[in-house]
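Subject: Structure handover and notes

Hello,

Here is the structure we talked about, so please open it beside this message and follow along as you read. My notes come after it.

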Amino acid sequence: MSSLSCHILDTTQGTPASGIAVELIKFDTRDTIIKGETNEDGRVRFESTELVCGDYTLRFLTKPYCEQTYGCAFFPLVEVHFHVDEEARHYHVPLLLSPYSYSTYRGS
């Protein structure tokens with residue numbers, strides 16, 4: 001089984017984005033598997049969840065953070081879809097966030 005973690009970096013301030021709710025969702029059913037919140041280091045580790053091969057979504061509920069930090073929320077929600085193809089691997093999905101853009105990549 002695979003494991004999963006993610007983190008959010010506020011690229012405008014160059015700091016971790018803490019207090020953002022994150023949901024892991026099974027893509028084909030849209031059922032929430034587990035919820036978490038970024039810690040002071042901007043990270044969430046879904047240690048109690050083991051992923052099987054298939055498609056998933058990480059939903060980052062960015063609106064409260066963006067409104068508090070930037071005064072507006074152009075992207076109130078960010079969804080990142082990804083595929084697990086190896087059951088014995090750790091997956092890490094970072095989110096780089098700023099007021100009017102975001103990006104992501106497959107981390108290690």
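How many bridges join β8 to strand β9, and do these strands run parallel or antiparallel? Please keep in mind from the start that this is a predicted model. There are four bridges between β8 and β9 (residues 101-104), and the two strands run antiparallel. Together they form a hairpin, with two residues lying between the strands, and within this pairing Leu 97 has Tyr 102 of β9 as its bridge partner.

Strand β8 also pairs with β1 (residues 2-10), this time in the parallel sense and over eight bridges. Here Asp 10 is the residue that stands opposite Leu 97, so that Leu 97 is a useful place to look at both pairings, with Asp 10 in one and Tyr 102 in the other. As general background, the strands of a sheet pair through backbone hydrogen bonds, and they can do this either parallel or antiparallel. Strand β8 covers residues 90-98, and because seven of its nine residues are buried, the strand is largely enclosed by the rest of the structure.

Asp 10, which lies in strand β1, deserves a closer look of its own. Asp 10 is buried yet has no salt bridge, since the nearest side chain of opposite charge, that of Arg 43, is 15 Å away, whereas a salt bridge requires the atoms to be within 4 Å. The side chain of Asp 10 does, however, make a polar contact of 3.0 Å with the side chain of Tyr 70.

The next part to find is an open sheet of four strands, arranged in the order β4-β3-β6-β7 with antiparallel pairing. Strands β4 (31-37) and β7 (78-84) stand at the edges and have a single partner strand each, so one side of each is left without a neighbour in the sheet. Neighbouring strands of this sheet are turned against each other by 20° on average, if direction is ignored. Further in, β3 (residues 21-26) and β6 (residues 54-61) run antiparallel and are joined by six bridges, and Ile 25 stands opposite Thr 57 in β6.

Turning to the charged side chains, the count comes to five salt bridges. One of them is formed by Arg 59 and Glu 23, at 3.3 Å from N to O; because Arg 59 lies in β6 and Glu 23 in β3, the pair ties together parts that are 36 residues apart in sequence. Glu 23 counts as buried, at 11% relative accessibility. Another joins Arg 43 and Asp 41 at 2.9 Å, where Arg 43 is partly exposed at 26% and Asp 41 is partly exposed at 37%. Arg 89 and Glu 86 also meet in a salt bridge, at 3.8 Å, with Arg 89 partly exposed at 35% and Glu 86 partly exposed at 40%. Salt bridges that share partners also join Glu 23, Arg 30, Arg 59 and Glu 79 into one network.

Finally, a word on the cysteines: the structure holds zero disulfides. A disulfide is a covalent bond between the sulfur atoms of two cysteines. The sulfur of Cys 6 is too far from the closest cysteine sulfur for a bond, because that sulfur, in Cys 66, is 15 Å away. Cys 6 is buried, at 0% relative accessibility, while Cys 53 is partly exposed, with a relative accessible area of 39%.

Best wishes

Key: Residues are numbered from 1 along each chain as its sequence is written. This is a predicted model: local features need pLDDT of at least 70, side-chain atom pairs count only at pLDDT 80 or more; totals for chains, interfaces and linings use all residues. Side-chain values use heavy atoms; hydrogens and water are left out. A disulfide is a pair of cysteine sulfur atoms within 2.5 Å. Buried means under 20% relative accessible area, exposed over 50%, partly exposed in between (1.4 Å probe, protein chains only). Two strands pair if DSSP finds at least two bridges between them. Axes are lines fitted to C-alpha atoms, for helices over the stretch in contact, and angles run from 0 to 180 degrees between N-to-C directions. Lys and Arg count as positive and Asp and Glu as negative; His and the chain ends are not counted. A polar contact is a pair of N or O atoms within 3.5 Å; within protein, one must be able to donate a hydrogen and the other to accept it, and residues adjacent in sequence count only if both atoms are side-chain atoms.
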